[in-house]
Amino acid sequence: MARRIAAGAAYGGGSIGLLGAAAVGVLLAEVQLAKRQVGGGAAPVPPSADGRYGVAFAGPADPLRFGLLGDSTAAGQGVRRAGQTPGALLASGLAAVSERPVDLRNVAQPGARSDDLERQVSLLLADPARVPDVCVIMIGANDVTHRMPATQSVRCLTTAVRRLRTAGAEVVVGTCPDLGTIEPVYQPLRWMARRVSRQLAAAQTIGSVEQGGRTVSLGDLLGPEFEANPRELFGPDNYHPSAEGYATAAMALLPTLCAVLGLWPETDRLDGARREDMLPVAKAASQAAKEAGTEVTGARAPWALLKHRRRRRLPAPTEPHPHPEMHGEAGGSTRVERRPGTGTDTSPRHA
């Protein structure tokens, strides 16, 4: 199904239906019940985290330019301090690993669907002299909840990845989270939400890596700890992550950001003890959608390399420092890297 969605996106196919007609009545009733419970607490407006991080590392090297695009999860809705947003956490981590300042610009929009990425990419690329070195895109949840056709969703995402890669930016996509983990969602809507979310995530993976990006599966929204501790890891509206939830997401994304920038070594050698293997791209995308923290990277067609990365513990959250400059390869096969829930290396330094 993910391959069909990705092919439809690439070749102009129409919508691919995911629900049987007999289930529509039951699911609509469940949707209305979930809507009454999700958002019961007020999610604060996301704080602005734009600015410079790692000012202590200022030196002759230019700061790294980091762009963040997507929806409310990318914007950091649900927390009140800039230092608790995923952008601030990732920028702080990049600064600590690279030992260089990092300039963050977050153009994510709460409520955005994938068709808003065109506008967001245009904002980031408006100044040719300030093209980001690396971008993270976190998108997909609103596409599912607003029933956007999956082919259209993937087409918008792959266009955004292609534009950023053509401009010279590295791209990491945090794929659609598993909406089946949202606490007020009941069966059978929970099962259907999980199925549709995973299919979209797999299709996003196929489309993104074919445009030269990498993906990290957010799966059950950042690991099994979300299901085990929903009260801790969901924010007051029972929908957006809390500060702890965003930290978990950043821990899953940071190793891929560092790898794509060459900040610590990579190897293509397979480690059987860590269940590493080689798979075709569609199967790799499907496996990644099932396991949070799984990275998919383009390699030699038509295969995918599955690997596990260790998560790096994040440095202490910091607030942004305002800076004047902050205001005013397609093709190939695929590599998948799964990260375990914990790692013994807690240093922010690169290996």
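Me: Which residue forms a salt bridge with Glu 170?

Reply: In this predicted model, Glu 170 is partly exposed, with a relative accessible area of 24%, whereas its partner counts as buried at 13% relative accessibility. The closest N and O atoms of the pair are 3.6 Å apart, which lies within the 4 Å cut-off for a salt bridge, and the partner of Glu 170 is Arg 165.

Me: What distance separates the end C-alpha atoms of helix α7?

Reply: Helix α7 covers residues 150-167, and Arg 165 is one of its buried residues. At 1.5 Å a residue, the 18 residues of this helix should span 26 Å, and the model agrees with that expectation, because the end C-alpha atoms of α7 are separated by 26 Å.

Me: Is Thr 158 buried or exposed?

Reply: Thr 158 lies in helix α7 and, leaving aside residues up to four places away in sequence, touches Gly 207, Ser 208 and Gln 211. Its relative accessible area is 11%, and since the cut-off for burial is under 20%, Thr 158 is classed as buried.

Me: Which residue forms a salt bridge with Asp 103?

Reply: Asp 103 counts as buried at 2% relative accessibility, and its partner is also buried, with a relative accessible area of 13%. The closest N and O atoms of the pair are 2.6 Å apart, and the partner of Asp 103 is Arg 52. This pair links distant parts of the chain, with Asp 103 in strand β3 and its partner in strand β1, 51 residues apart, that partner being Arg 52.

Definitions and conventions: Residues numbered from 1 in each chain as written. Predicted model: local features only at pLDDT ≥ 70, side-chain atom pairs only at ≥ 80, totals over all residues. Heavy atoms only, no water. Helix = DSSP H or I, 4+ residues; strand = E, 2+ residues; numbered from the N terminus. Expected span 1.5 Å × (residues − 1). Buried < 20%, exposed > 50% of the residue type's maximum accessible area, 1.4 Å probe, protein only. Contact = heavy atoms within 4.5 Å. Salt bridge = Lys/Arg side-chain N within 4 Å of Asp/Glu carboxyl O.
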